[in-house]
Amino acid sequence: MKLITLTSILFVLTVQFVFSQTCKTNADAANVPGKYQTAAEYPWPAVRAEYFKNLTVAADKAAAKQVLAQIEKTEAQSHTGFTLTGGNWQNYYTTNGYGYYAAVKLGQYYFESSLHEYFCLNGKLKPNDEAATILRIYVNTVPVNTLNRFLDNPFGSSMGEYDFGFQYQDWKNHKSANVNDPLISLFTYFSCNNAQLIKAINSGEGYFQDVAEKDIKPNNRNNFIYRYWFVKKKDIPVLVPVSRKAYLQSLLEYYEREKLYFPKLMATLTSNHDKGIEHNYGNWEADVNDKIAKVKKALSDNSENWLQQQAVINKLEDAAQNYKAQLKERTNYNRFWAFYDNTNKGQPLYTINPGYFKTNNANAASPQLITASFRYVSMPLSLSIMNNFSKNFDFEGLQKLLH
């Protein structure tokens, strides 16, 4: 407690020093020496107290704490000799809890550094509460939320508006929507429209950037650019293609869950006196049986060679086909129409390589995959920090953390 109090006092003194400085323009603010603030110096004690809250096992908390400390140390070493001006580079930790990749339970957490730039307000220097330049280093996570223009979970992770747990493999023993249990196959798939991103994830070499250099407008503060590095085990791909056969079989598994889902949903909507029940869900059994028949026909009518080719989907085109056929939307989710290999908007399907992630009996938080994501803007200060990180960060040091 004494350490936390002392750290907070030091931060307040630093802020007061910044606030006390006078300035005339933001150009003056850009030349003021900046400050590096560690996660232990994060100004809000309540946030620091919950750094490891979402990891419920003591061994996982200890492992995450050790790994994040090493990541922070490695990041600090990357700006040795780099002169920071114009803002504070502020660190903190976050734990997301647990997730499953290929049925392996993993503790998921990340380190963050963010640049809080100084600006001049009424002749006084102030640090901005918001940050445009942010580094996040994720452990056991691929950040689909910021990569979703290229990499996505096209089928989501739930059956629909009302969650009865039927999307989980062991639905009978699933207790709560807040618990991340293994999902049925359909909900574990990734779609990707960028071969370079798949190469970066599976090779661990170089980086992937979501905006080409030629398309970056200089001195633009409004458009974020993301650069990603994937630190992985050598010679083992993280993502592997989903075959047409596997995809079709996963649809059948999903449709069997719909047979459990719709009666439960109908009962719930009836108790809620929902007037749209008949319009939206009437004759759902016929729709589900028709979906099953179409998939079974695709499985039986095609050769094994055809079935083993990678599945390429287009959910927008599938929805358009449903509309043209005047099918009810809510009972025809994930209806199979065709594969879209030779279309511009076809998206190949991938899944986690079952040979990549391994069950670790010691703790679930042992790092098996690390993703560094650097968000920046094309302003001089942001660019200088990003370029210094790209040049000097020790990615090989991160790889040594992998188990």
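**Exercise 1. Is Thr 371 buried or exposed, and what surrounds it?**

Step 1. Start with the accessible area: Thr 371 has a relative value of 0%, and buried means under 20%, so Thr 371 is buried. Keep in mind that this is a predicted model.

Step 2. Place the residue in the fold. Thr 371 sits in strand 13, which covers residues 370–376.

Step 3. List its partners, skipping residues up to four places away in sequence. Thr 371 touches Arg 136, Ile 137, Tyr 138, Thr 141, Val 142 and Pro 143, along with Tyr 228, Trp 229 and Phe 230.

Step 4. Look for a polar partner. A polar atom of the Thr 371 side chain is 3.0 Å from the backbone oxygen of Thr 141.

**Exercise 2. Work out which elements build the largest nonpolar core, and which residues touch the most other members.**

Step 1. Begin with the members. This core holds 42 residues, and those touching the most other members are Ile 71, Tyr 109, Ile 137, Ile 370, Phe 374 and Leu 398.

Step 2. Map the core onto the elements. Two or more residues come from each of helix 4 (58–78), strand 2 (87–101), strand 3 (104–121), strand 5 (134–139), strand 9 (225–231), strand 13, helix 12 (380–392) and helix 13 (395–399).

Step 3. Find the top contributor. Helix 4 gives the largest share, five residues.

Step 4. Check for a second core. Another one, of 33 residues, lies apart from the first and includes Tyr 189, Tyr 247, Tyr 255 and Val 288.

Step 5. Put this in context. In soluble globular proteins, nonpolar side chains tend to be buried together.

**Exercise 3. Compare the surroundings of Asn 140 and Asp 235, two residues with positive phi.**

Step 1. Recall the background. Most residues other than glycine have a negative phi.

Step 2. Read off the angles. Asn 140 has a phi of about 65 degrees, and Asp 235 has a phi near 65 degrees.

Step 3. Locate both. Asn 140 is in the loop between strand 5 and helix 5 (144–147), while Asp 235 is in the loop between strand 9 and strand 10 (239–241).

Step 4. Sort them by accessibility. Asn 140 is at 0%, so Asn 140 counts as buried. Asp 235 is at 79%, so Asp 235 counts as exposed.

**Exercise 4. Trace the contacts around Tyr 281 and Thr 331.**

Step 1. Take Tyr 281, in helix 8 (residues 277–281). Its relative accessibility is 8%, so Tyr 281 counts as buried.

Step 2. Leave out neighbours within four places in sequence. Tyr 281 then contacts Phe 262, Leu 265, Met 266, Leu 269, Gly 276, Arg 330 and Thr 331. With Arg 330 there is also a side-chain polar contact of 3.4 Å.

Step 3. Move on to Thr 331, in the loop between helix 11 and strand 12 (347–352). Its relative accessible area is 0%, which means that Thr 331 is buried.

Step 4. Apply that sequence filter to Thr 331: its contacts are Phe 262, Asn 280, Tyr 281, Trp 284, Asp 287 and Lys 291. The side chains of Thr 331 and Asp 287 make a polar contact of 2.5 Å.

Step 5. Combine the two lists. Phe 262 turns up as a contact of Tyr 281 and as a contact of Thr 331.

**Exercise 5. What flanks helix 11 at its start and after its end?**

Step 1. Go to the start of helix 11 (residues 315–324). There, a side-chain oxygen of Asn 314 comes within 3.2 Å of the backbone nitrogen of Leu 316.

Step 2. Go past the other end. Gln 326 follows helix 11 and has a positive phi, near 55 degrees.

**Exercise 6. Sketch the whole protein in a few numbers.**

Step 1. Count the elements: there are 13 helices and 13 strands.

Step 2. Box the C-alpha atoms along the principal axes, and you get roughly 75 × 45 × 45 Å.

Step 3. Ask how much is buried: 48% of the 403 residues.

Step 4. Check the contact range. Of the contacts between residues at least 6 apart in sequence, 78% join residues at least 24 apart.

Step 5. Finish with surface and charge. The exposed area is about 20900 Å², with 51% supplied by carbon and sulfur atoms. The mean positions of the 43 positive and 36 negative charges lie 3 Å apart.

Notes. Residues numbered from 1 in each chain as written. Predicted model: local features only at pLDDT ≥ 70, side-chain atom pairs only at ≥ 80, totals over all residues. Heavy atoms only, no water. Helix = DSSP H or I, 4+ residues; strand = E, 2+ residues; numbered from the N terminus. Buried < 20%, exposed > 50% of the residue type's maximum accessible area, 1.4 Å probe, protein only. Contact = heavy atoms within 4.5 Å. Areas by Shrake-Rupley, 256 points an atom, 1.4 Å probe, with all protein chains shown as cover. Lys, Arg positive; Asp, Glu negative; His and termini not counted. Charge placed at Lys NZ, Arg CZ, Asp CG, Glu CD. Polar contact = N/O pair within 3.5 Å; in protein donor to acceptor, adjacent residues only side chain to side chain. Core = buried A, V, L, I, M, F, W, Y, C linked by side-chain atoms within 4.5 Å.
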